[in-house]
Structures are given as C-alpha cells and as structure tokens.
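Welcome! Here is a short tour of a structure you may be meeting for the first time, one part after another.

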There are 2 protein chains.
Amino acid sequence: MKDPSELPHPSRADLKLTQVLFALSDPARLAIVRHLAAGPQEMANCCAIDPNMPKSTKSHLMKVLREAGVIRNEAKGRNRLLSLRQDDIDARFPGLLQSVLAAE
Amino acid sequence: MKDPSELPHPSRADLKLTQVLFALSDPARLAIVRHLAAGPQEMANCCAIDPNMPKSTKSHLMKVLREAGVIRNEAKGRNRLLSLRQDDIDARFPGLLQSVLAAE
C-alpha cells in the first residue's frame, strides 16, 4: 500500500533543464534552495520560509521545487524533511547549481 | 533625440539572477539563446524562431530575453540584429550560461 505521506519525485533521468531553471527563477524559491544548500531542514524550522506566508503559497513553492526535482520533501515523523537534490542536479546539469549558488 | 528603434537594455550591473533564470526557463526562449551562442543573427533569419509563431508571441519572447539582459536586440538597417550578451552574463554569473548551454 502506498504511504499517503509520500509525495512523487521525478527520477534523476527525468529532470528537465527548463523546469529546473524555472524552479530557481523565483526569489522565494531560490531563498529556500540557498538555505537547503547547507543541509536538509525540517519544513517547520526552515527559516528561509517567511512565517507570515499563507500555507497555500508555501505549499505551492514546495510543489514547484519538488516537481522540478530540485528538492526532496519527505515525511519525517509528524514533520517533513526538505533536502536539496544537489547530486541529481549536478549529475544532470554539471555546474548549474554551483553557479546559481555562487551568484550574489 | 532618441532613436525610436532603440529598445532599452539593462546594464550589466542591473542584471538579476532570477530574471535571467526565468528568461532561460522556457523551451522556445532557450532555443533562441542556444542558437545565438554561435553568433549574432538577424531576427528575420533566426531559424530557432518557429516561422509559424504569431508575431505577438515572437515579440514577447524577445522582450523577456532583452529585459532580462540575456540578448541584445538592435536595429540594423531595416532588420534587427539579435545577439547573446554572453560577456555580461559571464561577468555577473560565472559558469551559468556555460552550464545551461552544455546541458542536453
């Protein structure tokens, strides 16, 4: 039986360059990516997410990042663990994430 | 007097990472960027632009790329010359364009 808390994630082979670029092209989404570059974070503790942001907006940000294959969003007890899919992005698009994270 | 055929272009210092990523995040815009990586092209001869595309759609693609600072669009006689602002993007976001152009 499928765990209802498991969200679908594209495989490494299915990552699409334009979709990854789109996911990174929004300041709020990019702030989350920069934050997760330091390591996985529980969603509730991710300080790159504005605490005043409506829940629906936050869910949408996470959905765009997850569906593009930029982050993993996995159940962890009663919380959710967010992590950057750096290895997958580096494997498919070498240098891309590095240049984006290095840019001011 | 300002030449009415001169369109505004952001300066190198004014390029914004998220705006550049957005400009690159669309397959039709990315195809034009890849094409211009080989050298400047007259808009009328740019075979990366679908000839069946409505003029308004084509104008919008060019506007997004120009306003993000990804391409220059300059009057050249009765035509327009399109060129990739590779030096400006490389100076501001080292490695970004290279990784995007190298990706399959």
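## Before we start

A word on names: helices and strands are DSSP runs, numbered from the N terminus, and a strand needs at least two residues. With that in hand, A:Asn79 can be placed in strand β3 of chain A. Please keep in mind that this is a predicted model.

## The sheet of chain A

Let us begin with chain A, where 3 strands make up an open sheet. Their order is β1-β3-β2, and the pairing is antiparallel. Which strands are at the edges? They are β1 (41-42) and β2 (71-76) of chain A, each of which pairs on one side only.

Strand β3 of chain A covers residues 79-84, and 6 bridges link this strand to β2(A) in the antiparallel sense. Two of the facing positions are easy to look up: A:Glu74 is opposite A:Leu81, and A:Ala75 is opposite A:Arg80. β2(A) and β3(A) form a hairpin with 2 residues between the strands, and here A:Gly77 adopts a positive phi near 60°.

## A closer look at A:Asn79

A:Asn79, which belongs to strand β3 of chain A, is a good residue to zoom in on. Which residues does A:Asn79 touch, not counting those up to four places away in sequence? The answer is A:Glu42, A:Met43, A:Ala44 and A:Glu74.

With one of these, A:Glu42, there is also a polar contact: the side chains of A:Asn79 and A:Glu42 come to 2.8 Å.

## Helices on the sheet of chain A

Two helices can be followed across this sheet. Helix α2 of chain A, residues 27-36, lies across β1, β2 and β3 of chain A and runs at about 85° to β3(A). Helix α3 of chain A, residues 55-67, lies across β2 and β3 of chain A, and its angle to β2(A) is about 115°.

Helix α3 of chain A also holds a salt bridge, formed by the side chains of A:Glu67 and A:Lys63 at 3.3 Å, N to O. These two residues of helix α3 are 4 residues apart, about one turn of the helix. How many salt bridges does a search of the whole structure find over all chains? It finds 10.

## The sheet of chain B

Now for chain B, which has an open sheet of 3 strands in the order β1-β3-β2, with antiparallel pairing. Why is one side of β1 (41-42) and of β2 (71-76) of chain B left without a neighbour in the sheet? Both stand at the edges and have a single partner strand each, so there is no neighbour on one side.

Strand β3 of chain B spans residues 79-84, and 2 bridges join this strand to β1(B), the two running antiparallel. B:Glu42 has B:Leu81 in β3(B) as its bridge partner. On the sheet packs α2(B), which touches β1, β2 and β3 of chain B and makes about 85° with the direction of β3(B). Helix α3 of chain B, residues 55-67, packs on the sheet too; this helix touches β2 and β3 of chain B, at about 115° to the direction of β2(B).

Between β2(B) and β3(B) there are 6 bridges, again in the antiparallel sense. One pair of bridge partners is B:Asn73 with B:Leu82 in β3(B). The hairpin of these two strands has 2 residues between them, and B:Gly77 in the turn shows a positive phi of about 60°.

## Where the chains meet

Finally, let us bring the two chains together. Chain B gives 19 residues to the contact, and chain A gives 19 residues. About 1,400 Å² is buried between them, and carbon and sulfur atoms account for 69% of this area. B:Leu17, B:Thr18 and B:Leu21 supply 32% of what chain B buries against chain A, more than any other three residues.

How many salt bridges are counted between chain B and chain A? The count is 0. The number of residue pairs in polar contact across this interface, with both residues at pLDDT 80 or more, is also 0. On the side of chain B that touches chain A, the elements giving two or more residues are α1 (17-24), α2 (27-36) and α5 (96-102) of chain B. The largest share, 5 residues, belongs to α1(B). Sorted by class, this side of chain B has 11 nonpolar, 4 polar and 4 charged residues.

Methods. Residues numbered from 1 in each chain as written. Chains lettered and ligands numbered in written order. Predicted model: local features only at pLDDT ≥ 70, side-chain atom pairs only at ≥ 80, totals over all residues. Heavy atoms only, no water. Contact = heavy atoms within 4.5 Å. Buried area = accessible area lost by both parts, 1.4 Å probe. Salt bridge = Lys/Arg side-chain N within 4 Å of Asp/Glu carboxyl O. Polar contact = N/O pair within 3.5 Å; in protein donor to acceptor, adjacent residues only side chain to side chain. Nonpolar A, V, L, I, M, F, W, Y, C, P; charged D, E, K, R; others polar. Pairing = 2+ DSSP bridges. Axes fitted to C-alpha atoms, helices over the stretch in contact; angles between N-to-C directions.
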